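Here are a few friendly notes to read alongside the structure. Take them one at a time, and find each part in the viewer as you go.

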Amino acid sequence: MVPQGLSNFCLLLLLFLHSSPGILAVNNEDPTAKIMEEFSGYPIHEPPHSFDPRSLLSSLSVDVQLLLSQIADLSTFSDTPAPAITRILYSEKDVLARRYVKNLLGLAGLSVREDAVGNMFGRWDGYEPELAPVATGSHIDAIPYSGIYDGVVGVLGAIEAINTLKRSGYKPKRSLEVIVFTSEEPTRFGIGCVGSHLYDIPYNLTFECSRLMARNEAVMKALKTTFDKQNISFLEAARSAGYAKGVDDLSSVFLKEGCYSAFVELHIEQGPILDAEGISIGVVTAIAAPATLIVDFEGNGGHAGGVLMPHRNDAGLAAAELALDVEKYVLESGSIDTVGTVGILQLHPGAINSIPSKAHLTIGMVITWLEVAEDTRDIDEKRRNEVIEKIHESAVAIARKRGVNLSFKILNQDPPAHSDKSVIEAVEVASKELNLTHKRMISRAYHDSLFMAGVSPMGMIFIPCYKGHSHKPEEYASSQDIENGVKVLFLTLAKLSST
Ligand SMILES: [Zn+2]
(Lines give C-alpha, C1' and ligand atoms only; values in the text may rest on other atoms or scores of the structure.)
Protein backbone atom coordinates (compact mmCIF):
# COMPACT_ATOMS: atom_id res chain seq x y z
CA MET A 1 0.00 0.00 0.00
CA VAL A 2 1.31 3.49 -0.86
CA PRO A 3 1.42 5.94 2.09
CA GLN A 4 -1.05 8.81 1.77
CA GLY A 5 1.66 11.50 1.82
CA LEU A 6 3.64 9.79 -0.92
CA SER A 7 0.63 9.29 -3.19
CA ASN A 8 -0.26 13.00 -2.83
CA PHE A 9 3.30 13.89 -3.75
CA CYS A 10 3.12 11.65 -6.83
CA LEU A 11 -0.15 13.25 -7.86
CA LEU A 12 1.34 16.73 -7.56
CA LEU A 13 4.41 15.66 -9.49
CA LEU A 14 2.26 14.25 -12.27
CA LEU A 15 0.18 17.42 -12.45
CA PHE A 16 3.36 19.48 -12.59
CA LEU A 17 4.85 17.41 -15.35
CA HIS A 18 1.60 17.34 -17.27
CA SER A 19 1.34 21.13 -17.17
CA SER A 20 5.03 21.53 -18.12
CA PRO A 21 5.52 19.61 -21.38
CA GLY A 22 8.82 21.35 -22.02
CA ILE A 23 10.32 19.95 -18.82
CA LEU A 24 8.98 16.46 -19.55
CA ALA A 25 10.34 16.49 -23.06
CA VAL A 26 13.75 17.75 -22.04
CA ASN A 27 14.13 15.35 -19.15
CA ASN A 28 12.89 12.37 -21.10
CA GLU A 29 14.48 13.23 -24.39
CA ASP A 30 14.56 10.05 -26.39
CA PRO A 31 18.18 8.94 -26.71
CA THR A 32 17.45 7.44 -30.12
CA ALA A 33 17.47 10.86 -31.79
CA LYS A 34 21.00 11.62 -30.68
CA ILE A 35 22.22 8.14 -31.48
CA MET A 36 20.81 8.25 -34.96
CA GLU A 37 22.60 11.48 -35.65
CA GLU A 38 25.84 10.00 -34.35
CA PHE A 39 25.32 6.80 -36.33
CA SER A 40 24.50 8.43 -39.57
CA GLY A 41 26.54 11.59 -39.24
CA TYR A 42 23.47 13.24 -40.65
CA PRO A 43 21.08 15.53 -38.79
CA ILE A 44 17.71 13.91 -38.45
CA HIS A 45 16.01 17.23 -37.90
CA GLU A 46 16.22 20.66 -39.31
CA PRO A 47 18.12 23.29 -37.31
CA PRO A 48 16.77 24.61 -33.99
CA HIS A 49 14.32 27.16 -35.40
CA SER A 50 11.89 24.31 -36.13
CA PHE A 51 12.99 22.22 -33.17
CA ASP A 52 10.17 20.89 -31.07
CA PRO A 53 11.18 18.39 -28.40
CA ARG A 54 7.68 16.93 -28.14
CA SER A 55 7.40 16.22 -31.85
CA LEU A 56 10.94 14.82 -31.80
CA LEU A 57 9.98 12.47 -29.01
CA SER A 58 6.86 11.28 -30.78
CA SER A 59 8.50 11.13 -34.21
CA LEU A 60 11.02 8.62 -32.94
CA SER A 61 8.57 6.37 -31.21
CA VAL A 62 7.68 3.02 -32.65
CA ASP A 63 3.95 2.76 -33.29
CA VAL A 64 3.74 -0.50 -31.43
CA GLN A 65 -0.06 -0.54 -31.28
CA LEU A 66 -0.24 -0.30 -35.06
CA LEU A 67 2.40 -3.01 -35.36
CA LEU A 68 0.48 -5.31 -33.00
CA SER A 69 -2.72 -4.74 -34.95
CA GLN A 70 -0.88 -5.61 -38.18
CA ILE A 71 0.46 -8.79 -36.58
CA ALA A 72 -3.12 -9.61 -35.56
CA ASP A 73 -4.40 -8.81 -39.08
CA LEU A 74 -1.79 -11.05 -40.66
CA SER A 75 -2.70 -13.88 -38.29
CA THR A 76 -6.17 -13.99 -39.86
CA PHE A 77 -4.65 -15.24 -43.13
CA SER A 78 -4.35 -18.79 -41.87
CA ASP A 79 -5.87 -22.18 -42.58
CA THR A 80 -6.32 -22.66 -38.84
CA PRO A 81 -7.84 -20.11 -36.45
CA ALA A 82 -5.36 -17.86 -34.58
CA PRO A 83 -3.31 -18.31 -32.50
CA ALA A 84 -2.70 -21.60 -34.36
CA ILE A 85 -1.28 -20.37 -37.62
CA THR A 86 -1.04 -22.48 -40.77
CA ARG A 87 0.17 -20.61 -43.83
CA ILE A 88 1.61 -22.88 -46.45
CA LEU A 89 3.61 -21.73 -49.45
CA TYR A 90 1.46 -20.47 -52.37
CA SER A 91 -1.78 -21.49 -50.66
CA GLU A 92 -4.75 -19.13 -50.90
CA LYS A 93 -4.04 -17.78 -47.41
CA ASP A 94 -0.35 -17.30 -48.23
CA VAL A 95 -1.30 -15.31 -51.34
CA LEU A 96 -3.68 -13.12 -49.30
CA ALA A 97 -1.02 -12.58 -46.64
CA ARG A 98 1.49 -11.58 -49.33
CA ARG A 99 -0.99 -9.10 -50.74
CA TYR A 100 -1.46 -7.62 -47.27
CA VAL A 101 2.29 -7.22 -46.72
CA LYS A 102 2.86 -5.89 -50.24
CA ASN A 103 0.29 -3.22 -49.54
CA LEU A 104 2.12 -2.23 -46.34
CA LEU A 105 5.40 -1.98 -48.26
CA GLY A 106 3.67 0.34 -50.72
CA LEU A 107 2.09 2.41 -47.95
CA ALA A 108 5.57 2.84 -46.43
CA GLY A 109 6.55 4.53 -49.69
CA LEU A 110 8.92 1.75 -50.73
CA SER A 111 9.39 0.72 -54.36
CA VAL A 112 8.27 -2.89 -54.47
CA ARG A 113 9.41 -5.69 -56.74
CA GLU A 114 8.88 -9.45 -56.67
CA ASP A 115 11.09 -12.13 -58.17
CA ALA A 116 10.11 -15.32 -60.01
CA VAL A 117 9.34 -17.26 -56.84
CA GLY A 118 7.66 -14.42 -54.98
CA ASN A 119 10.42 -13.04 -52.78
CA MET A 120 9.35 -9.44 -52.19
CA PHE A 121 11.67 -6.46 -51.97
CA GLY A 122 10.69 -2.97 -50.81
CA ARG A 123 13.39 -0.35 -51.35
CA TRP A 124 13.86 3.07 -49.84
CA ASP A 125 16.45 4.85 -51.96
CA GLY A 126 19.32 6.37 -50.06
CA TYR A 127 20.94 9.66 -50.98
CA GLU A 128 23.85 7.67 -52.41
CA PRO A 129 21.78 5.07 -54.31
CA GLU A 130 24.77 3.68 -56.20
CA LEU A 131 26.07 2.10 -52.96
CA ALA A 132 25.05 -1.46 -52.11
CA PRO A 133 21.92 -1.27 -49.93
CA VAL A 134 21.42 -2.55 -46.40
CA ALA A 135 18.69 -5.18 -46.22
CA THR A 136 16.47 -6.53 -43.49
CA GLY A 137 13.54 -8.93 -43.46
CA SER A 138 12.22 -12.37 -42.69
CA HIS A 139 9.36 -14.66 -43.72
CA ILE A 140 5.58 -14.89 -43.31
CA ASP A 141 4.94 -18.53 -44.15
CA ALA A 142 4.12 -20.76 -41.19
CA ILE A 143 4.22 -24.49 -40.59
CA PRO A 144 0.90 -26.11 -39.57
CA TYR A 145 -0.36 -25.07 -36.13
CA SER A 146 2.49 -22.69 -35.43
CA GLY A 147 2.44 -19.24 -33.83
CA ILE A 148 1.81 -15.69 -34.98
CA TYR A 149 5.25 -14.15 -34.36
CA ASP A 150 7.80 -16.42 -36.08
CA GLY A 151 9.13 -14.50 -39.08
CA VAL A 152 6.27 -11.99 -38.95
CA VAL A 153 8.01 -9.82 -36.33
CA GLY A 154 10.99 -9.52 -38.68
CA VAL A 155 8.81 -8.51 -41.64
CA LEU A 156 6.20 -6.20 -40.11
CA GLY A 157 8.79 -4.99 -37.57
CA ALA A 158 11.12 -4.08 -40.44
CA ILE A 159 8.39 -2.08 -42.17
CA GLU A 160 7.66 -0.27 -38.89
CA ALA A 161 11.40 0.37 -38.43
CA ILE A 162 11.46 2.01 -41.88
CA ASN A 163 8.32 4.00 -41.06
CA THR A 164 9.87 5.18 -37.77
CA LEU A 165 12.99 6.34 -39.60
CA LYS A 166 10.87 8.10 -42.20
CA ARG A 167 8.71 9.82 -39.59
CA SER A 168 11.84 11.15 -37.91
CA GLY A 169 12.95 12.89 -41.10
CA TYR A 170 16.01 10.64 -41.37
CA LYS A 171 17.49 10.08 -44.82
CA PRO A 172 19.60 6.96 -45.35
CA LYS A 173 22.92 7.18 -47.15
CA ARG A 174 22.79 3.63 -48.49
CA SER A 175 19.37 2.49 -49.68
CA LEU A 176 17.43 0.37 -47.20
CA GLU A 177 15.53 -2.67 -48.38
CA VAL A 178 12.93 -4.87 -46.71
CA ILE A 179 12.93 -8.47 -47.97
CA VAL A 180 9.99 -10.83 -47.47
CA PHE A 181 11.39 -14.30 -48.11
CA THR A 182 9.30 -16.92 -49.84
CA SER A 183 9.01 -20.19 -47.94
CA GLU A 184 11.48 -20.20 -45.10
CA GLU A 185 9.69 -23.26 -43.80
CA PRO A 186 10.13 -26.28 -46.04
CA THR A 187 6.61 -27.55 -45.31
CA ARG A 188 5.16 -27.97 -48.77
CA PHE A 189 8.09 -28.99 -50.93
CA GLY A 190 10.46 -29.93 -48.14
CA ILE A 191 11.24 -33.50 -49.07
CA GLY A 192 13.15 -33.80 -52.26
CA CYS A 193 13.13 -37.07 -54.14
CA VAL A 194 16.58 -37.00 -55.63
CA GLY A 195 19.60 -38.98 -54.63
CA SER A 196 20.12 -42.04 -52.55
CA HIS A 197 23.70 -42.09 -51.44
CA LEU A 198 25.50 -39.99 -48.89
CA TYR A 199 27.93 -38.35 -51.24
CA ASP A 200 25.74 -38.18 -54.30
CA ILE A 201 24.15 -35.03 -53.00
CA PRO A 202 26.44 -32.11 -52.53
CA TYR A 203 23.72 -29.79 -51.29
CA ASN A 204 20.61 -30.21 -49.30
CA LEU A 205 17.34 -30.76 -51.06
CA THR A 206 15.03 -28.98 -48.72
CA PHE A 207 13.73 -25.89 -50.33
CA GLU A 208 13.77 -22.43 -48.92
CA CYS A 209 13.91 -19.55 -51.33
CA SER A 210 16.75 -17.99 -49.44
CA ARG A 211 18.79 -21.01 -50.52
CA LEU A 212 17.87 -20.17 -54.07
CA MET A 213 18.75 -16.53 -53.56
CA ALA A 214 22.12 -17.70 -52.26
CA ARG A 215 22.74 -19.20 -55.70
CA ASN A 216 22.16 -22.84 -54.84
CA GLU A 217 22.09 -24.51 -58.27
CA ALA A 218 21.27 -27.92 -56.82
CA VAL A 219 18.11 -26.55 -55.25
CA MET A 220 17.17 -24.87 -58.52
CA LYS A 221 17.56 -28.16 -60.39
CA ALA A 222 15.72 -30.13 -57.74
CA LEU A 223 12.76 -27.76 -57.85
CA LYS A 224 12.02 -28.81 -61.42
CA THR A 225 11.27 -32.31 -60.24
CA THR A 226 9.75 -31.46 -56.88
CA PHE A 227 6.09 -32.13 -56.15
CA ASP A 228 3.95 -31.68 -53.09
CA LYS A 229 1.75 -34.42 -51.59
CA GLN A 230 -1.05 -33.53 -54.03
CA ASN A 231 1.36 -34.08 -56.90
CA ILE A 232 1.46 -30.38 -57.75
CA SER A 233 4.85 -29.32 -59.02
CA PHE A 234 6.67 -26.40 -57.50
CA LEU A 235 6.41 -24.38 -60.70
CA GLU A 236 2.67 -25.11 -61.05
CA ALA A 237 2.13 -23.97 -57.48
CA ALA A 238 4.20 -20.83 -58.01
CA ARG A 239 2.22 -20.02 -61.17
CA SER A 240 -1.08 -20.51 -59.42
CA ALA A 241 0.08 -17.85 -56.95
CA GLY A 242 0.98 -15.48 -59.80
CA TYR A 243 4.73 -16.11 -59.99
CA ALA A 244 7.16 -17.79 -62.39
CA LYS A 245 4.95 -16.81 -65.33
CA GLY A 246 6.50 -18.17 -68.51
CA VAL A 247 9.70 -18.93 -66.64
CA ASP A 248 11.34 -22.32 -66.26
CA ASP A 249 14.75 -21.06 -65.34
CA LEU A 250 14.77 -19.74 -61.80
CA SER A 251 18.33 -18.43 -61.91
CA SER A 252 16.89 -14.90 -62.05
CA VAL A 253 16.23 -15.39 -58.32
CA PHE A 254 19.95 -15.71 -57.60
CA LEU A 255 21.40 -12.72 -55.81
CA LYS A 256 24.81 -11.44 -56.76
CA GLU A 257 27.45 -11.72 -54.10
CA GLY A 258 27.94 -8.28 -52.59
CA CYS A 259 24.49 -7.12 -53.69
CA TYR A 260 23.91 -5.94 -50.11
CA SER A 261 26.43 -4.28 -47.86
CA ALA A 262 24.72 -5.96 -44.90
CA PHE A 263 21.68 -8.03 -44.03
CA VAL A 264 20.12 -8.03 -40.57
CA GLU A 265 17.09 -10.07 -39.47
CA LEU A 266 14.89 -9.38 -36.46
CA HIS A 267 13.40 -12.58 -35.06
CA ILE A 268 11.98 -14.10 -31.91
CA GLU A 269 14.59 -16.29 -30.23
CA GLN A 270 12.60 -19.54 -30.51
CA GLY A 271 14.53 -20.70 -27.47
CA PRO A 272 14.21 -20.03 -23.72
CA ILE A 273 17.45 -18.20 -22.90
CA LEU A 274 16.48 -14.52 -23.17
CA ASP A 275 13.14 -15.06 -21.45
CA ALA A 276 14.68 -17.08 -18.61
CA GLU A 277 17.51 -14.62 -18.04
CA GLY A 278 15.33 -11.52 -18.42
CA ILE A 279 17.51 -10.13 -21.21
CA SER A 280 15.94 -7.87 -23.84
CA ILE A 281 18.12 -8.42 -26.91
CA GLY A 282 20.07 -11.38 -28.26
CA VAL A 283 22.96 -10.47 -30.55
CA VAL A 284 23.38 -13.49 -32.79
CA THR A 285 26.98 -14.38 -33.50
CA ALA A 286 26.45 -17.63 -35.40
CA ILE A 287 23.70 -19.82 -36.82
CA ALA A 288 23.84 -23.53 -36.17
CA ALA A 289 24.51 -25.86 -39.03
CA PRO A 290 21.69 -28.35 -39.41
CA ALA A 291 21.77 -31.68 -41.21
CA THR A 292 18.89 -34.09 -41.71
CA LEU A 293 19.29 -37.77 -42.58
CA ILE A 294 16.50 -40.01 -43.83
CA VAL A 295 17.11 -43.74 -43.39
CA ASP A 296 14.88 -46.63 -44.45
CA PHE A 297 15.50 -50.32 -43.78
CA GLU A 298 13.45 -53.01 -45.48
CA GLY A 299 13.33 -56.71 -44.62
CA ASN A 300 11.00 -59.64 -45.32
CA GLY A 301 8.77 -59.27 -42.26
CA GLY A 302 6.75 -62.37 -41.44
CA HIS A 303 4.69 -63.91 -38.68
CA ALA A 304 6.09 -63.03 -35.23
CA GLY A 305 5.34 -66.53 -33.97
CA GLY A 306 6.15 -68.52 -37.08
CA VAL A 307 9.57 -67.21 -38.12
CA LEU A 308 12.37 -68.34 -35.83
CA MET A 309 14.97 -65.83 -34.73
CA PRO A 310 17.89 -67.08 -36.89
CA HIS A 311 15.76 -66.67 -40.04
CA ARG A 312 14.64 -63.12 -39.49
CA ASN A 313 15.73 -59.89 -41.13
CA ASP A 314 14.00 -57.49 -38.79
CA ALA A 315 13.99 -53.90 -40.11
CA GLY A 316 12.90 -52.62 -36.69
CA LEU A 317 15.96 -54.03 -34.94
CA ALA A 318 18.19 -52.55 -37.63
CA ALA A 319 16.63 -49.14 -36.90
CA ALA A 320 17.03 -49.62 -33.14
CA GLU A 321 20.69 -50.50 -33.56
CA LEU A 322 21.29 -47.46 -35.75
CA ALA A 323 19.50 -45.14 -33.28
CA LEU A 324 21.89 -46.24 -30.53
CA ASP A 325 24.84 -45.72 -32.87
CA VAL A 326 23.71 -42.15 -33.55
CA GLU A 327 23.96 -41.40 -29.83
CA LYS A 328 27.28 -43.23 -29.55
CA TYR A 329 28.98 -41.43 -32.44
CA VAL A 330 27.73 -38.00 -31.36
CA LEU A 331 29.02 -38.57 -27.83
CA GLU A 332 32.33 -39.83 -29.20
CA SER A 333 32.73 -36.77 -31.43
CA GLY A 334 34.23 -34.82 -28.53
CA SER A 335 32.14 -31.78 -29.41
CA ILE A 336 29.67 -30.70 -26.75
CA ASP A 337 27.95 -28.58 -29.39
CA THR A 338 27.17 -31.47 -31.70
CA VAL A 339 23.80 -33.09 -31.10
CA GLY A 340 21.98 -35.88 -32.92
CA THR A 341 18.36 -36.94 -32.54
CA VAL A 342 16.29 -39.75 -33.98
CA GLY A 343 13.10 -37.72 -33.96
CA ILE A 344 11.02 -40.08 -36.07
CA LEU A 345 11.11 -43.87 -35.95
CA GLN A 346 8.24 -45.63 -37.71
CA LEU A 347 7.76 -49.38 -38.07
CA HIS A 348 5.65 -51.15 -40.63
CA PRO A 349 3.18 -52.80 -40.35
CA GLY A 350 3.20 -51.94 -36.64
CA ALA A 351 1.41 -55.04 -35.44
CA ILE A 352 2.19 -57.09 -32.34
CA ASN A 353 2.30 -60.37 -34.25
CA SER A 354 4.28 -59.15 -37.23
CA ILE A 355 8.05 -58.76 -37.65
CA PRO A 356 8.68 -55.18 -38.84
CA SER A 357 9.29 -55.33 -42.59
CA LYS A 358 10.05 -51.63 -42.89
CA ALA A 359 11.61 -49.06 -40.57
CA HIS A 360 11.91 -45.38 -41.25
CA LEU A 361 14.16 -43.04 -39.27
CA THR A 362 14.64 -39.31 -39.50
CA ILE A 363 17.84 -38.17 -37.85
CA GLY A 364 18.43 -34.52 -37.07
CA MET A 365 21.98 -33.37 -36.51
CA VAL A 366 22.94 -29.90 -35.39
CA ILE A 367 26.23 -28.35 -34.56
CA THR A 368 26.70 -25.04 -32.85
CA TRP A 369 29.70 -23.37 -31.33
CA LEU A 370 30.40 -22.07 -27.90
CA GLU A 371 33.48 -20.45 -29.33
CA VAL A 372 33.44 -18.04 -32.23
CA ALA A 373 37.04 -18.68 -33.20
CA GLU A 374 37.40 -19.58 -36.83
CA ASP A 375 39.41 -22.73 -36.18
CA THR A 376 36.75 -24.04 -33.78
CA ARG A 377 33.97 -23.66 -36.32
CA ASP A 378 35.90 -25.53 -38.95
CA ILE A 379 36.70 -28.29 -36.50
CA ASP A 380 33.08 -28.61 -35.41
CA GLU A 381 31.70 -28.71 -38.93
CA LYS A 382 34.25 -31.40 -39.75
CA ARG A 383 33.26 -33.30 -36.62
CA ARG A 384 29.59 -33.20 -37.58
CA ASN A 385 30.36 -34.44 -41.06
CA GLU A 386 32.55 -37.20 -39.63
CA VAL A 387 29.66 -38.26 -37.40
CA ILE A 388 27.38 -38.36 -40.45
CA GLU A 389 29.93 -40.50 -42.26
CA LYS A 390 30.12 -42.90 -39.31
CA ILE A 391 26.33 -43.13 -39.14
CA HIS A 392 26.29 -43.97 -42.82
CA GLU A 393 28.98 -46.64 -42.45
CA SER A 394 27.11 -48.07 -39.49
CA ALA A 395 23.83 -48.19 -41.44
CA VAL A 396 25.57 -50.05 -44.27
CA ALA A 397 27.12 -52.55 -41.82
CA ILE A 398 23.84 -53.11 -39.96
CA ALA A 399 21.96 -53.65 -43.22
CA ARG A 400 24.53 -56.21 -44.34
CA LYS A 401 24.58 -58.03 -41.00
CA ARG A 402 20.78 -58.21 -40.73
CA GLY A 403 20.09 -58.89 -44.40
CA VAL A 404 17.90 -55.83 -44.91
CA ASN A 405 17.89 -53.27 -47.72
CA LEU A 406 19.04 -49.76 -46.95
CA SER A 407 18.11 -46.37 -48.31
CA PHE A 408 20.21 -43.54 -46.86
CA LYS A 409 19.56 -39.95 -47.88
CA ILE A 410 20.95 -36.68 -46.71
CA LEU A 411 18.09 -34.24 -46.90
CA ASN A 412 20.28 -31.32 -46.01
CA GLN A 413 23.78 -30.72 -44.73
CA ASP A 414 24.24 -27.01 -44.41
CA PRO A 415 27.46 -25.24 -43.67
CA PRO A 416 27.35 -23.09 -40.55
CA ALA A 417 27.20 -19.31 -40.84
CA HIS A 418 28.77 -16.63 -38.72
CA SER A 419 27.45 -13.15 -38.23
CA ASP A 420 29.62 -10.37 -39.56
CA LYS A 421 31.56 -8.33 -37.03
CA SER A 422 30.17 -5.05 -38.39
CA VAL A 423 26.57 -6.18 -37.90
CA ILE A 424 27.26 -7.66 -34.44
CA GLU A 425 28.82 -4.38 -33.34
CA ALA A 426 26.03 -2.24 -34.79
CA VAL A 427 23.41 -4.31 -32.92
CA GLU A 428 25.42 -4.13 -29.70
CA VAL A 429 25.92 -0.37 -29.93
CA ALA A 430 22.22 0.15 -30.65
CA SER A 431 21.27 -2.00 -27.63
CA LYS A 432 23.68 -0.12 -25.38
CA GLU A 433 22.46 3.29 -26.50
CA LEU A 434 18.90 2.25 -25.82
CA ASN A 435 19.91 0.97 -22.39
CA LEU A 436 18.66 -2.49 -23.25
CA THR A 437 20.19 -5.56 -21.65
CA HIS A 438 21.75 -7.75 -24.32
CA LYS A 439 23.97 -10.76 -24.77
CA ARG A 440 25.76 -12.51 -27.58
CA MET A 441 24.25 -15.85 -28.46
CA ILE A 442 24.03 -18.57 -31.05
CA SER A 443 20.93 -19.33 -33.06
CA ARG A 444 20.23 -23.03 -32.74
CA ALA A 445 17.39 -22.74 -35.24
CA TYR A 446 18.17 -21.82 -38.82
CA HIS A 447 16.83 -18.77 -40.57
CA ASP A 448 16.92 -17.01 -43.92
CA SER A 449 20.02 -15.28 -42.55
CA LEU A 450 21.91 -18.59 -42.70
CA PHE A 451 21.67 -18.51 -46.48
CA MET A 452 21.94 -14.73 -46.85
CA ALA A 453 25.39 -15.13 -45.28
CA GLY A 454 26.38 -16.59 -48.66
CA VAL A 455 25.83 -13.30 -50.45
CA SER A 456 26.12 -10.62 -47.78
CA PRO A 457 27.60 -9.82 -44.37
CA MET A 458 24.85 -10.94 -42.02
CA GLY A 459 23.59 -10.61 -38.47
CA MET A 460 20.47 -11.20 -36.40
CA ILE A 461 18.61 -9.49 -33.58
CA PHE A 462 16.73 -11.79 -31.22
CA ILE A 463 13.96 -10.78 -28.86
CA PRO A 464 12.64 -13.03 -26.09
CA CYS A 465 9.64 -15.27 -26.61
CA TYR A 466 7.70 -16.69 -23.70
CA LYS A 467 9.45 -19.79 -22.32
CA GLY A 468 11.03 -20.24 -25.74
CA HIS A 469 7.77 -21.58 -27.19
CA SER A 470 7.78 -21.48 -30.97
CA HIS A 471 6.32 -23.38 -33.91
CA LYS A 472 3.22 -23.84 -31.79
CA PRO A 473 0.21 -21.67 -30.88
CA GLU A 474 1.66 -20.82 -27.44
CA GLU A 475 4.32 -18.71 -29.16
CA TYR A 476 4.27 -15.23 -27.60
CA ALA A 477 6.38 -12.08 -27.61
CA SER A 478 5.43 -9.08 -25.48
CA SER A 479 4.68 -5.70 -27.01
CA GLN A 480 7.62 -4.24 -25.04
CA ASP A 481 10.03 -6.81 -26.45
CA ILE A 482 8.72 -6.28 -29.98
CA GLU A 483 9.11 -2.52 -29.56
CA ASN A 484 12.67 -2.98 -28.24
CA GLY A 485 13.50 -5.18 -31.21
CA VAL A 486 12.19 -2.65 -33.73
CA LYS A 487 14.15 0.15 -32.03
CA VAL A 488 17.36 -1.86 -32.12
CA LEU A 489 16.62 -2.71 -35.74
CA PHE A 490 16.12 0.86 -36.92
CA LEU A 491 19.22 2.07 -35.13
CA THR A 492 21.21 -0.82 -36.57
CA LEU A 493 19.91 -0.01 -40.06
CA ALA A 494 20.80 3.66 -39.58
CA LYS A 495 24.30 2.70 -38.47
CA LEU A 496 24.88 0.25 -41.30
CA SER A 497 23.43 2.60 -43.88
CA SER A 498 25.86 5.33 -42.95
CA THR A 499 29.05 3.28 -43.46
ZN1 LIG B 1 11.37 -17.97 -38.61
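1. Let's begin with a single pair of residues: Met120 stands opposite Val180 in strand E6. Please keep in mind throughout that this is a predicted model. The pair belongs to a longer contact, since five bridges join strand E3 (residues 120-124) to E6. Strands E3 and E6 run antiparallel.

2. E6 also pairs with strand E4 (residues 134-139), this time through six bridges. Here the two strands run parallel. To find the spot, look for Ala135, which stands opposite Glu177 in E6.

3. How many of the six residues of E6 (residues 176-181) are buried? Six of the six are, so the strand is largely enclosed by the rest of the structure. In a regular strand, side chains alternate between the two faces of the sheet. In E6 both faces are covered: Leu176, Val178 and Val180 are buried on one side, and Glu177, Ile179 and Phe181 are buried on the other.

4. Now move along to strand E9 (residues 289-298), which is mostly covered, with eight of its ten residues buried. Eight bridges join E9 to strand E12 (residues 405-413), and these two run antiparallel. One residue to click on is Val295, whose bridge partner in E12 is Phe408.

5. Finally, have a look at a helix. H16 covers residues 479-497, 19 residues in total. From its first C-alpha to its last it reaches 27 Å, close to the 27 Å expected at 1.5 Å a residue. H16 is also mostly covered, as 17 of its 19 residues are buried.

Definitions and conventions:
Residues numbered from 1 in each chain as written. Predicted model: local features only at pLDDT ≥ 70, side-chain atom pairs only at ≥ 80, totals over all residues. Helix = DSSP H or I, 4+ residues; strand = E, 2+ residues; numbered from the N terminus. Expected span 1.5 Å × (residues − 1). Buried ≥ 20, exposed ≤ 12 C-beta atoms within 10 Å, placed from the backbone. Pairing = 2+ DSSP bridges.
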